[in-house]
Structure formats: C-alpha cells, structure tokens
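Reader: I have a chain open here and would like to talk through how its parts fit together. Could you take me through it?

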Amino acid sequence: MKKVYLETFGCQMNVSDSERVATILEADGFEITPFEDSAEIILLNTCSVREKAEHKLYTRIGQIRKSKQNKSAMVGVLGCVAQLEGETLFNKSEGIDFILGTKAVGRIARAIENSKVGQKQFVDLGEREENYDWFVSEHQRHSPFISFVPIIEGCNKFCTYCIVPFSRGREKSLPASSIIKEILKLRQEGVKEVHLIGQNVNSYRPPTDSRLEDFKGATPFSRLLRAVAATGIERIKFATSFPRDFHTDIVDAINEFENLCNWVHLPVQSGSDKILKTMRRGHTVDNYLKRIDKIRSSPRQISLSTDIIVGFPGETDADFRETLKLAEYCRFDSAYLFKYSPRPGTPAFAMPDDVSAEEKTARFLELEKVLRHSQFNSLQNELNKSLEVLAEGFSSKSKEFLTGHSKCHKIVNFEAGESFLGQIVNVQITECKTNTLFGKIM
Ligand code: 5AD
Ligand code: SF4
C-alpha cells in the first residue's frame with residue numbers, strides 16, 4: 001500500500017477537493033498518512049489568490065527536497081497554481097513530478113500511475129469528467145460532524161484583482177437534486193452541519209430542477225436554501241456570498257428556517273465607489289449598505305463577516321477613509337483583511353501598483369483596529385447569553401476543553417469531556433478574548 005501525504009492551502013474549495021482526492025486514492029488502494037516523512041507520494045494542493053500563498057508552494061517543495069526522508073518521494077502539485085502555471089512550474093521549481101489542474105483532480109490515480117520520480121513528464125489541465133463523482137468518504141471529511149458541499153464551482157465575475165476566474169474557470173452550478181440527495185445521506189450518517197460552498201453561492205443557477213419547484217423564493221439560491229432546510233439537517237451555513245447577486249430574500253429564508261444559521265459572509269472589498277468600480281465589483285457602497293440594513297434588521301441577529309483589500313491601485317487616502325467609514329457603519333462581527341497583491345494575468349496587474357508598501361501597511365493597521373474593535377464588541381455582546389455550539393474537537397490549549405462554532409459562526413471554548421464531541425450543546429458565555437468566547441455547558 002503506497003502512502004500518500006496530502007497538504008492543502010487556501011480556501012474551502014481546495015479543502016473540499018482534497019477530501020475527494022483522498023477518497024479516490026483510498027478506494028484505489030493507497031493509504032493517506034498524516035506523516036510526511038513516511039510518505040512515498042506527497043501532494044500539495046495549492047492556492048494562488050495572493051503572491052504569498054503562491055510562494056508557499058516553492059518554499060514547501062524546497063523543504064521536501066532538502067529533507068533526507070523525502071528525497072525519493074513523488075511530488076505532485078494540484079490546485080490553483082498548478083492550473084495557472086501548467087508545465088512552466090517544472091522550470092520554476094526543481095523537484096516536481098506531476099501537475100494536476102483544478103478540474104482534473106478526479107484523475108489523480110492516473111497522474112500517479114503515469115509519473116516517475118525525477119522525470120517531470122505528466123501534466124493534466126483538462127476538463128472535469130462528465131461523470132465526475134463529488135462523493136467524499138466519511139473518514140476523509142475534514143470533520144466527522146461537518147461536511148462541505150460544493151453547490152457552484154468557478155467564477156464569472158472577473159473582479160479586476162482576482163485570479164480565481166482563471167484558476168477555477170466558469171461558474172457551473174451542481175444539480176439541486178444531487179445536492180439534496182447528498183445532504184439527506186449526510187444527515188443519516190450523523191453529520192450535524194453542512195456548509196454549502198462556492199466562490200459565489202448566491203449566483204447559483206442550476207439546470208431546471210424539479211427539486212426546487214416546491215419552494216418559494218426569488219432566486220434559485222434562496223429556493224435551494226429552503227429545500228436544504230427542509231431536509232431537516234441540523235445546521236446549514238453557506239459561503240461565500242457575492243453582494244451584487246445577494247437577493248434580500250436570502251435573509252427571509254434565514255428568518256423562516258431555524259436550521260439556516262444566522263451568519264452571512266459578504267465581502268465588500270472597499271468602501272469607495274471609485275475603487276469598487278475599478279475593481280469591477282458590480283456593486284456600490286449604497287447598494288451594499290442596503291443589503292447590510294436588511295441583514296441587520298433580522299430578528300435572528302445575523303452575524304456578518306467580510307473581506308476587505310487595502311492599497312488597491314489608485315486608492316487615495318480619501319478612498320481609504322471611505323472604507324474606514326463603511327467598516328464603522330457595518331460593525332462587522334469578523335473580517336478578513338488583505339493588502340492588495342498584484343496577480344499576473346489579471347486586469348489590475350496592468351494598473352500601476354501605486355500605493356507604497358509602507359502606506360499599505362499603515363492602512364492595514366488602521367483598519368484592523370476598527371475591525372478588531374467591532375469584532376470584540378460583537379463577542380462581548382454574547383456575554384451571559386446562551387449559545388448553541390457544535391462540539392467539533394478538543395481545544396488546542398487543553399484536553400479538558402472542547403471547541404466549536406456557534407450558529408452565528410463564533411468560536412466558543414468550553415469545559416467538557418470527549419463524550420460531548422459531535423453534539424450541539426447550550427453554552428452559557430462567561431468570558432471573551434480577542435477571537436474566542438469561553439463558557440460553561442448549561
Ligand atoms: N490581492 C489581495 N487580496 C485578494 N483577494 C483576492 N484577490 C486578491 C488580491 N489580488 C482577497 C479578496 C477575496 C479574498 C478571498 O481574497 O478579499 O474576497
Ligand atoms: Fe474573485 Fe470576484 Fe470571483 Fe470573488 S467574485 S472569486 S473576488 S473574481
């Protein structure tokens with residue numbers, strides 16, 4: 001049995017692809033090992049969204065080839081960097097044996113079979129098979145209690161800074177009937193929470209599907225949400241949402257169905273209309289805020305997270321102040337903040353990267369303060385309240401504590417034993433730190 005070590009960088013889509021790669025390999029008689037040193041095959045599933053993420057690949061290959069144990073291992077590169085660079089990767093980095101694009105992951109076993117260590121000959125950047133199997137075996141899921149369910153792949157938005165439409169191709173929605181079938185099966189297996197995932201989940205447009213006909217809703221995505229809610233699975237989360245296609249009917253669905261979790265991730269990227277336009281986001285500050293107002297008006301206290309980029313080409317201090325203003329208005333419950341990173345091949349790459357590194361850092365730190373403040377306030381608001389928490393695993397600090405997420409996607413640590421793992425428990429919140437809540441089981 002050949003041992004395979006699989007390392008994943010980047011977003012939930014990559015994690016989900018890796019789960020499938022592990023499932024396929026295991027069915028083909030390989031053993032997936034968590035120990036890099038004993039592996040005969042090392043797979044790196046890569047991310048290219050920012051330069052730093054891409055560089056991780058080169059660093060890792062260097063480390064693998066330097067290590068005595070791994071010298072003779074076969075190294076395969078998967079994911080976004082593989083798709084974008086293709087065989088040029090062989091010249092950029094010594095020690096890669098094969099390259100498998102984002103749509104070719106179903107052919108992983110063939111790639112291994114056709115490669116020989118040190119021969120750099122195998123590249124597959126081809127399309128997904130018609131009969132591609134989206135199945136993930138129970139013990140290859142990243143969690144026994146949570147399952148990622150892709151509902152739409154790719155992206156058609158072509159925001160000017162973003163490499164994803166090039167690395168993941170055009171938007172393609174998966175049939176609602178197979179999504180529902182999968183979720184019913186997961187529920188039977190004891191999965192407590194599903195995450196409907198995609199670059200832009202609310203752009204979901206499946207081929208006509210009778211499974212959605214019984215559900216009201218203005219858009220296919222809100223009908224899908226209702227149909228998934230009707231499966232009775234305990235919790236449903238979804239990410240990422242795209243502001244332009246975010247119909248407020250999604251909020252109505254959350255208000256209606258208790259098992260649709262009260263959390264929305266809605267990346268805004270900037271608070272300046274001028275920058276949003278050059279980013280080609282397709283939304284303005286005003287129509288973003290209208291959606292935020294609808295989300296905030298929900299009686300379910302929906303928590304709100306976002307992504308923001310600072311230092312995009314042409315961003316002046318005044319533009320940045322607009323972003324600060326937006327962040328203050330939105331009081332995000334959490335946020336991911338990035339410095340603009342030029343990606344070759346994107347339209348923004350041709351724009352002068354005219355915000356200096358120092359200025360990017362200064363803006364990052366200033367905005368981070370505002371975001372930390374609202375995040376801390378949001379956590380403090382939970383003090384003395386009771387939250388329903390899915391006990392997902394042991395806390396990294398102590399075996400006496402379990403950790404998990406609330407319905408509104410806040411991290412909660414609480415004192416409890418192993419027997420609670422996989423259960424949804426009521427936790428009384430007693431303390432909050434920068435990113436985490438602490439509490440006691442009620
Ligand atoms: N530079 C910096 N951040 C980026 N993102 C995407 N592309 C870039 C880039 N070139 C961020 C966006 C997106 C998140 C996943 O990554 O904020 O929402
Ligand atoms: Fe990238 Fe924009 Fe597509 Fe998101 S919507 S993946 S930021 S191009």
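Author: Gladly, and one term should be settled before anything else: the domain bounds used here come from an automatic or database domain assignment. Please also keep in mind that this is a predicted model.

Reader: Fine, so which domains does that assignment give for the protein chain?

Author: It gives domain 1 as residues 3-124, domain 2 as 139-380 and domain 3 as 386-441.

Reader: What separates the centres of domain 1 and domain 2, and how many residues does the contact take from each?

Author: Taken over C-alpha atoms, the two centres are 28 Å apart, and the contact draws on 23 residues from domain 1 and 22 residues from domain 2.

Reader: And how much area do domain 1 and domain 2 bury between them?

Author: About 2000 Å² is buried between domain 1 and domain 2, with 54% of it on carbon and sulfur atoms. On the domain 1 side, the residues that lose the most area to domain 2 are Gln12, Met13 and Glu19, which together account for 32% of what that side buries.

Reader: I care about electrostatics, so how many salt bridges are there between domain 1 and domain 2?

Author: The count between domain 1 and domain 2 is two salt bridges. Glutamate 54 forms a salt bridge with arginine 343, and their closest N and O atoms are 2.4 Å apart. For polar contacts, the rule finds nine residue pairs across the interface of domain 1 and domain 2.

Reader: Which elements give two or more residues to the domain 1 side of that interface?

Author: Those are helix H1 (12-27), helix H2 (51-66) and helix H3 (79-85), and H1 gives the most, with 11 residues. By residue class, the side of domain 1 that touches domain 2 divides into eight nonpolar, seven polar and eight charged.

Reader: Changing topic, how many salt bridges does the rule count in total?

Author: The count comes to 36 salt bridges. Another one joins glutamate 258 and arginine 300, where the closest N and O atoms are 3.8 Å apart. Glutamate 258 lies in the loop between helix H9 (249-256) and strand S12 (263-265), and arginine 300 in the loop between helix H11 (285-296) and strand S13 (303-310), so the pair ties together parts that are 42 residues apart in sequence.

Reader: What about aromatic pairs, how many are counted?

Author: Five aromatic pairs are counted. In one of them, phenylalanine 221 and phenylalanine 238 sit edge-to-face, at 5.3 Å centre to centre with 75° between the planes. Phenylalanine 221 is in helix H8 (residues 220-229) and phenylalanine 238 in strand S11 (residues 235-239), so this pair ties together parts that are 17 residues apart in sequence.

Reader: Last thing, the backbone: is the peptide bond from alanine 239 to threonine 240 cis or trans?

Author: That peptide bond is cis, with omega near 5°, and threonine 240 is found in the loop between S11 and H9. Glutamine 269 also deserves a look, with a positive phi of about 75° although it is not a glycine; glutamine 269 lies in the loop between S12 and helix H10 (273-278).

Reader: Why would one pick those two out?

Author: Because most residues other than glycine have a negative phi, and most peptide bonds are trans.

Technical notes:
Residues are numbered from 1 along each chain as its sequence is written. Chains are lettered from A and ligands numbered from 1 in the order in which they are written. This is a predicted model: local features need pLDDT of at least 70, side-chain atom pairs count only at pLDDT 80 or more; totals for chains, interfaces and linings use all residues. Side-chain values use heavy atoms; hydrogens and water are left out. Contact means heavy atoms within 4.5 Å. Buried area is the accessible area (1.4 Å probe) that two parts lose on being put together, summed over both. A salt bridge is a side-chain nitrogen of Lys or Arg within 4 Å of a carboxyl oxygen of Asp or Glu. A polar contact is a pair of N or O atoms within 3.5 Å; within protein, one must be able to donate a hydrogen and the other to accept it, and residues adjacent in sequence count only if both atoms are side-chain atoms. Helices (H or I, at least four residues) and strands (E, at least two) are DSSP runs, numbered from the N terminus. Ala, Val, Leu, Ile, Met, Phe, Trp, Tyr, Cys and Pro count as nonpolar, Asp, Glu, Lys and Arg as charged, and the others, Gly among them, as polar. Rings of Phe, Tyr and Trp (its six-membered ring) pair if their centres lie within 6.5 Å; planes under 30 degrees apart count as stacked, over 60 as edge-to-face and the rest as tilted.
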